[in-house]
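Let's take a friendly walk through this protein together. Please load the structure in your viewer and keep the sequence at hand.

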Amino acid sequence: SADGGGNLSLDSIPMGLPMSDPTAWATAMNNLGMAPMGMTGQPLLPDFDPALGMMTGIPPINPMMPGLGIVPPPIPPDMPAVKEIIHCKSCTLFPPNPHLPPPATRERPPGCKTVFVGGLPENGTEQIIMEVFEQCGEVIAIRKSKKNFCHIRFAEEFMVDKALYLSGYRIRLGSSTDKKDTGRLHVDFAQARDDLYEWECKQRMLAREERHRRRLAEERFRPPSPPPVVHYSDHECSVVAEKLKDDTKFSEAIQTLLTWIERGEVNRRTANNFYSMIQSANSHIRRLINEKAAHEKEMEEAKEKFKLALSGILVQFEQIVAVYHSASKQKAWDHFTKAQRKNISVWCKQAEEIRNIHNDELMGIRREEEMEMSDEEIEDPSEMKETEESALVSQVEALKEENDSLRWQLDAYRNEVELLKQEQGKATRDEDTTKEQQMKLLQQALQGMQKHLLKVQEEYKKREAELEKVKEDKLKVEALLENLKEQ
């Protein structure tokens with residue numbers, strides 16, 4: 001077990017190690033804010049969490065950001081790191097001069113788990129290197145050069161920081177002082193393709209998780225899709241036609257009708273069905289106008305009610321103000337105290353202001369009513385004109401409807417004629433004669449209808465011309481009225 005000061009009991013260190021100072025490595029690691037490690041690379045502190053310092057949440061996906069992942073807690077700037085002598089099985093590490101500046105390192109590559117170690121003794125073997133650096137954590141691989149340097153790959157990123165702690169230490173193999181048995185360690189970050197690949201895989205995984213999380217969030221807030229519009233069929237058409245006649249289901253049915261027309265469901269076979277549905281939609285206008293008139297009536301009644309209530313409130317305000325004024329007269333005023341007089345005068349002022357505001361509101365309502373009345377009186381001279389105009393408009397509308405219905409009938413006749421023509425080639429000669437007669441009859445009916453249509457169109461044009469003339473007369477009358485008003 002370990003306490004806050006970093007003192008370690010001898011039981012926690014393997015007894016086979018000839019250590020003159022068993023707490024040296026633990027003290028050195030604690031000075032840096034790291035947990036002491038056993039020779040197997042496992043933390044000796046049972047409660048040490050290697051994920052300390054890990055950034056919470058998902059970091060931004062930027063491969064150029066160095067040092068993402070697990071980072072040890074930073075050293076406070078005012079606490080100097082005191083490095084101790086470290087004794088290993090077959091070598092000893094002596095700390096550098098504490099007054100020297102810290103050894104320079106390159107920029108940390110993203111996801112770095114590999115270190116470069118230079119300044120090794122010439123006689124240093126892979127076993128000695130393993131012995132020194134496995135105290136920093138689990139070593140995955142050592143690649144030693146013939147010269148005095150090597151590359152060490154660790155299992156986790158935070159182990160690299162522990163290895164960097166050994167940079168600047170002098171190493172001596174055994175008790176020999178031979179030049180080939182000594183060296184000064186230089187530990188630095190190394191750029192390894194495996195590290196970068198693993199880091200990129202991790203970032204891609206995080207990016208996938210982030211995308212998935214965002215998609216789930218978007219789907220949670222997306223409004224539900226509207227129900228799909230059914231495809232046209234004769235049965236569905238009859239259902240929609242019934243719904244168009246019902247006020248409560250009209251808006252749903254009209255949307256279906258609009259979608260069918262936009263999809264191109266109207267053809268020679270279905271034209272009459274669609275015409276009847278459009279006619280139903282047109283008849284709904286009358287219902288809407290009646291509804292609007294009912295609402296207008298309600299609004300007028302509410303206005304009248306509000307006006308009556310407002311006038312009643314004003315009467316009471318006048319009475320309250322009269323009380324204040326009578327209380328302000330000399331015979332009553334002298335009997336009140338100074339504080340009471342002050343309060344009465346403040347209340348009187350407030351009541352007068354509120355009364356004036358309400359009075360202005362009531363006067364505004366009355367003025368609007370008078371203006372509406374005067375508008376009606378001004379329109380009296382031209383009332384005859386307006387009645388004539390409205391009669392003409394209604395006639396024109398009726399003619400338009402008649403024109404449309406005749407066109408639809410013509411189209412229906414044409415459809416029948418064309419169907420008969422198609423069937424003509426297949427039928428026998430006897431049937432041909434009867435069909436010819438039918439054709440003649442239909443053609444005669446067509447000609448009659450066309451003549452009637454032309455007459456209706458001529459009449460429609462005449463009525464339109466009359467309507468234009470009436471409009472011009474109305475404008476002249478209005479101009480004359482305005483001149484008279486000015487005079």
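In which helix is E368 found? E368 is found in helix α9. Before we look around that residue, please keep in mind that this is a predicted model.

E368 has a relative accessibility of 49% and counts as partly exposed. It belongs to a patch of negative charge on the surface, where E298, E300, E301, E368 and E372 gather. Two elements, α7 and α9 (338-378), each give two or more residues to this negative patch. Of the contributors, α7 gives the most, with 3 residues.

Now let's step back for the overall picture. The protein has 487 residues, and 29% of them count as buried. Its secondary structure consists of 11 helices and 8 strands. If you look at contacts with a separation of 6 or more, 70% of them are between residues 24 or more positions apart. The accessible surface comes to about 33200 Å², and carbon and sulfur atoms hold 55% of that area.

Staying on the surface, we can visit two other patches. One is nonpolar: I261, V266 and I278 form it, with about 220 Å² of accessible area together. To find V266, look in the loop between α6 (250-263) and α7 (271-327). With a relative accessible area of 42%, V266 is partly exposed. The value falls between the cut-offs, since buried means under 20% and exposed means over 50%.

The other patch carries positive charge, and R204, R208, R211 and R215 gather there on the surface. Let's pick out R211, which is found in helix α4. R211 has a relative accessible area of 47%, so it is partly exposed.

Helix α4 deserves a longer stop. It spans residues 193-221, and D195 has its place there. Is D195 buried or exposed? D195 is buried, with a relative accessible area of 2%. Leaving aside residues up to four places away in sequence, D195 touches G111, C112, K113, T114 and R153. Two of these names, K113 and R153, come back in a moment.

Next come the salt bridges, of which the count is 16. One of them pairs E198 with K113, and their closest N and O atoms are 2.7 Å apart. E198 lies in helix α4 while K113 lies in the loop between β2 (91-94) and β3 (114-118), so the pair ties together parts that are 85 residues apart in sequence. The two partners are covered to unlike degrees: E198 counts as partly exposed at 35% relative accessibility, whereas K113 is buried, with a relative accessible area of 15%.

E198 also forms a salt bridge with R153, the closest N and O atoms being 3.0 Å apart. This pair, too, links distant parts of the chain: R153 sits in strand β5 (residues 149-154) and E198 in helix α4, 45 residues apart. At 15% relative accessibility, R153 counts as buried.

Further along helix α4, the side chains of E210 and R214 meet in a salt bridge, 2.8 Å from N to O. Why are E210 and R214 separated by about one helical turn? They are 4 residues apart in helix α4, and that is why the separation comes to about one helical turn. E210 counts as buried at 14% relative accessibility, while R214 is partly exposed, with a relative accessible area of 49%. Returning to the earlier pairs, K113, R153, D195 and E198 are joined into one network by salt bridges that share partners. With that network in view, you can place D195 again: it is the buried residue of helix α4 that touches K113 and R153, among others.

Our last stop is Q443, found in helix α11 (residues 429-486). Q443 counts as partly exposed, at 39% relative accessibility. How far apart in space are Q443 and Y413? They are 8.9 Å apart, C-alpha to C-alpha, and 30 residues apart in sequence.

Technical notes. Residues numbered from 1 in each chain as written. Predicted model: local features only at pLDDT ≥ 70, side-chain atom pairs only at ≥ 80, totals over all residues. Heavy atoms only, no water. Buried < 20%, exposed > 50% of the residue type's maximum accessible area, 1.4 Å probe, protein only. Contact = heavy atoms within 4.5 Å. Areas by Shrake-Rupley, 256 points an atom, 1.4 Å probe, with all protein chains shown as cover. Patch = residues over 30% accessible without salt bridge, like charges linked within 9 Å, V, L, I, M, F, W, Y side chains within 5 Å. Salt bridge = Lys/Arg side-chain N within 4 Å of Asp/Glu carboxyl O. Lys, Arg positive; Asp, Glu negative; His and termini not counted. Charge placed at Lys NZ, Arg CZ, Asp CG, Glu CD.
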